[in-house]
Amino acid sequence: MFISFLILSVSVYPQKYGLTSPDGKLTAGIEIDNGIYVALLKGRNAVIRLGNISLENSYVPEMNPGFRVQRISSRSVNETVSPEIREKEAAYINSYNELEIRFRGNYAVTFRLFNEGLAYRFTISGKDSLRIVKENLELYFETGDSLRFQSSETFNSAYETPYEHQRVQDIKTGRLISMPMLVEKTDGTFLMVTESDLYDYPGLWFSGTGESKLSAVNPPYPGSLTNTGSTYVRNQVAESLNYIAWVKGSRTFPWRIFAVAGKEEDLIENNMVWLLASPCALKDISWISPGVVMFDWWGKHNIYGVDFKSGVNTETAKYFIDFCAENDFRYFLFDDGWSSRDNLLQVVPGLNMEEVTAYAKSRGVDIMLWMVWHTLERQWDEAFSQFELWGIKGIKVDFMNRDDQPMVMYYERVAREAAERLMLVDFHGAYKPCGLSRKYPNVLTREALIEFEYNGWTSHDDPVHHNLLPYIRMFTGAMDYIPATMRNSTKENFRALGDYPMGQGTRAHAMALFIILSSPLTMLPDSPSDYYREKECTDFIRHIPVVWDETKLLEGKMAEYTVIARRSGNEWFVGAITDWNERVIELKTDFLQQGRYRLEAIQDGINAGHRAEDYKRIETEFRAGDVLKLNLASGGGWVARIVPM
């Protein structure tokens with residue numbers, strides 16, 4: 001018989017505890033009475049209620065512990081911590097009040113209340129391994145609260161579906177919802193729900209109930225995997241077992257995060273996912289170098305003005321490498337096609353990997369390789385050793401499309417092995433970031449979103465989507481969106497064109513995404529030929545950093561428009577985008593220190609609403625505090641570099 005850690009038993013005296021955020025604006029009321037229940041409030045207004053918090057397992061303790069509290073401990077932390085990779089900031093404030101409730105039976109639940117939201121996690125401290133059957137958590141909302149989310153038919157998911165927006169009570173029973181998910185309350189408050197410090201345990205999903213309530217659900221432990229079909233889709237779950245995880249008797253479980261935001265700005269500035277993750281496990285990170293990546297997925301077929309046949313071959317690779325070297329772009333990535341998908345040791349004819357890697361080294365460019373995850377797993381030692389011999393500096397691992405326990409463990413195995421070999425990692429076909437990049441800073445970016453490639457076969461990646469990503473997906477960590485295409489289209493002119501995709505929105509919009517959508521590995525989608533042709537825009541892009549000392553949302557409204565400023569040293573870079581509506585933004589520059597500044601910007605041309613490639617480069621001077629008038633076309637944008645004089 002399966003029973004719960006928190007076994008239902010009669011509690012004569014309900015036990016109540018309170019926790020207040022450091023600034024006093026959030027409170028959490030915790031009640032232990034035949035279960036664990038939490039009410040999170042902002043002022044006097046309820047934000048969310050949590051119920052039925054427990055873990056079920058198949059281990060029956062000798063004595064029924066019930067919900068009998070053995071010990072209560074609390075502490076407060078107020079510190080500044082510096083991330084190894086400055087994805088958003090040079091330093092984060094880590095300030096919270098914590099309450100740990102330890103129960104009889106060697107388990108505990110810990111609550112942390114930040115100014116930015118609530119988190120909780122379980123801890124167990126037994127000797128024997130446990131089979132976790134189920135994790136229980138129910139979220140109760142107010143009637144009318146709505147949810148922005150991604151859904152999937154099954155747990156075999158690439159996490160690349162469009163964001164939906166529904167009232168919670170309208171989400172059908174059993175509908176699977178992946179995280180992060182963003183609640184918009186009737187009073188305008190935002191609530192972000194996600195997780196952090198996920199390791200050796202399945203990811204957390206939610207399921208609709210047909211009410212103003214969502215129930216937690218985890219992917220079951222795989223019983224068997226598929227072995228037919230293309231290499232891309234093999235090794236997905238065919239059959240599942242009746243539990244979600246085998247775990248050690250002593251461990252912590254992932255943090256469940258409920259971040260509260262009064263406005264969009266609070267979502268951009270929230271760092272709870274990183275702060276709650278495990279500290280860096282690497283002793284030396286000096287070799288980790290963020291940078292811009294050119295890759296050949298579409299680009300290899302779109303080269304022109306050369307005297308060689310383009311494709312996956314040595315000549316094309318050198319052409320990419322030369323372009324990277326000329327523009328100080330650090331990496332060139334061989335995407336799908338450089339080897340047999342089933343054999344990473346079998347390089348395709350026409351490509352001399354030893355010659356290419358030696359040439360790249362002579363030009364100061366590092367090489368990365370794409371691969372299907374299960375091919376890497378099958379050839380683990382041989383492949384990693386061969387990559388080392390070639391001098392490969394990073395890998396892009398793709399098509400995992402799962403977050404059950406074995407797959408989550410695989411991510412950490414890849415991160416650890418790559419770090420030992422001094423290689424970076426980019427995960428595609430991946431679940432959302434859950435703090436792994438803090439523990440292993442060589443994991444610089446990942447997918448888990450609809451990104452630029454979707455323009456090849458759908459219309460999902462449009463300017464409305466671009467104005468959702470900063471507030472939802474980017475909350476969890478870096479994302480490999482692939483911005484700054486030179487092939488731009490209006491809403492009316494867009495066509496999905498396979499290996500010759502165009503971006504929806506104007507040229508200035510596409511370039512602004514380089515700043516708005518954060519990634520320490522930022523990939524450019526087009527061929528070198530396109531960027532050579534558009535030299536003025538390329539010269540602008542090459543001066544934009546990929547790591548930052550400070551990040552601010554200057555203006556923004558969910559799904560409509562976004563203006564983000566990022567600082568590197570004493571220079572600021574600002575990106576502004578709008579949806580399909582023309583927009584005039586009066587941009588205040590009081591975020592700058594006093595003084596005069598020189599501004600270089602790419603803005604929508606006067607005809608950008610009809611010809612999306614139309615742009616104008618401007619240079620001007622202004623004084624901090626001046627108001628800059630931004631005229632954005634439909635699907636338009638504006639991107640600027642601001643330097644003190």
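This text leads through a predicted model, from its open pocket and enclosed cavity to one helix and three individual residues.

The largest pocket has a volume of about 620 Å³. It is lined by 24 residues, and those closest to its centre are N115, E116, D266, E269 and N270. Several elements give two or more residues to this lining: the strands β7 (92–103), β21 (255–261) and β33 (550–557), together with the helices α1 (264–269) and α2 (272–275). By class, the lining of the largest pocket consists of 9 nonpolar, 6 polar and 9 charged residues.

Enclosed space is also present, for the model holds 8 cavities of 30 Å³ or more. In the largest cavity there is about 260 Å³ of space. Its lining comprises 25 residues, with E87, Y92, W274, S437 and G477 nearest the centre. Helix α2, which contributes to the lining of the largest pocket, also supplies at least two residues to the lining of the largest cavity. The same holds for α8 (436–439) and β29 (443–446). The lining of the largest cavity divides into 15 nonpolar, 6 polar and 4 charged residues.

Attention now turns to helix α3, which covers residues 314–327. Its 14 residues should span 20 Å at 1.5 Å a residue, and the C-alpha atoms at its ends are indeed 20 Å apart, so the expected and modelled lengths agree. At the N-terminal end, N313 acts as a cap, with a side-chain oxygen 3.3 Å from the backbone nitrogen of E315. After the helix comes D328, which has a positive phi, near 60°.

Helix α3 is mostly covered, with 10 of its 14 residues buried. Aromatic residues Y319, F320 and F323 are among those buried, as are T314, T316, A317, I321, C324, A325 and N327. The cover over these buried residues includes the strands β22 (291–295), β23 (331–334) and β26 (366–372). Helices α4 (353–362), α11 (528–533) and α12 (535–541) also take part in covering them.

Helix α4, one of the elements that cover α3, contains T357. Because its relative accessibility is 10%, below the 20% limit, T357 counts as buried. Leaving aside residues up to four places away in sequence, T357 touches I367, W390 and I392.

A second buried residue is W380, in helix α6 (residues 380–390). With a relative accessibility of 9%, W380 falls under the 20% limit and therefore counts as buried. Beyond residues up to four places away in sequence, W380 is in contact with Y410, R413, V414 and E417. For one of these partners, V414, the separation is 34 residues in sequence and 9.5 Å in space, C-alpha to C-alpha.

The third residue, S519, belongs to a loop, the one between α10 (507–516) and β32 (521–524). S519 has a relative accessibility of 5% and so counts as buried. Its contacts, not counting residues up to four places away in sequence, are T445, A478, M479 and V546. With T445 the contact is polar: the two side chains meet at 2.8 Å. The side chain of S519 also reaches the backbone oxygen of L521, at 2.5 Å. Between S519 and F573, which lie 54 residues apart along the chain, the C-alpha separation is 15 Å.

Conventions:
Residues are numbered from 1 along each chain as its sequence is written. This is a predicted model: local features need pLDDT of at least 70, side-chain atom pairs count only at pLDDT 80 or more; totals for chains, interfaces and linings use all residues. Side-chain values use heavy atoms; hydrogens and water are left out. On a 1 Å grid over the protein atoms alone, a cavity is a set of points where a 1.4 Å probe fits but cannot get out, and a pocket is an open set with protein on both sides within 12 Å along at least five of seven lines; lining residues have an atom within 4 Å of a point. Grid points are joined across faces, edges and corners, and a volume is the space filled by probe spheres set on the points. Helices (H or I, at least four residues) and strands (E, at least two) are DSSP runs, numbered from the N terminus. Ala, Val, Leu, Ile, Met, Phe, Trp, Tyr, Cys and Pro count as nonpolar, Asp, Glu, Lys and Arg as charged, and the others, Gly among them, as polar. The expected span of a helix is 1.5 Å times one less than its number of residues. Buried means under 20% relative accessible area, exposed over 50%, partly exposed in between (1.4 Å probe, protein chains only). Contact means heavy atoms within 4.5 Å. A polar contact is a pair of N or O atoms within 3.5 Å; within protein, one must be able to donate a hydrogen and the other to accept it, and residues adjacent in sequence count only if both atoms are side-chain atoms.
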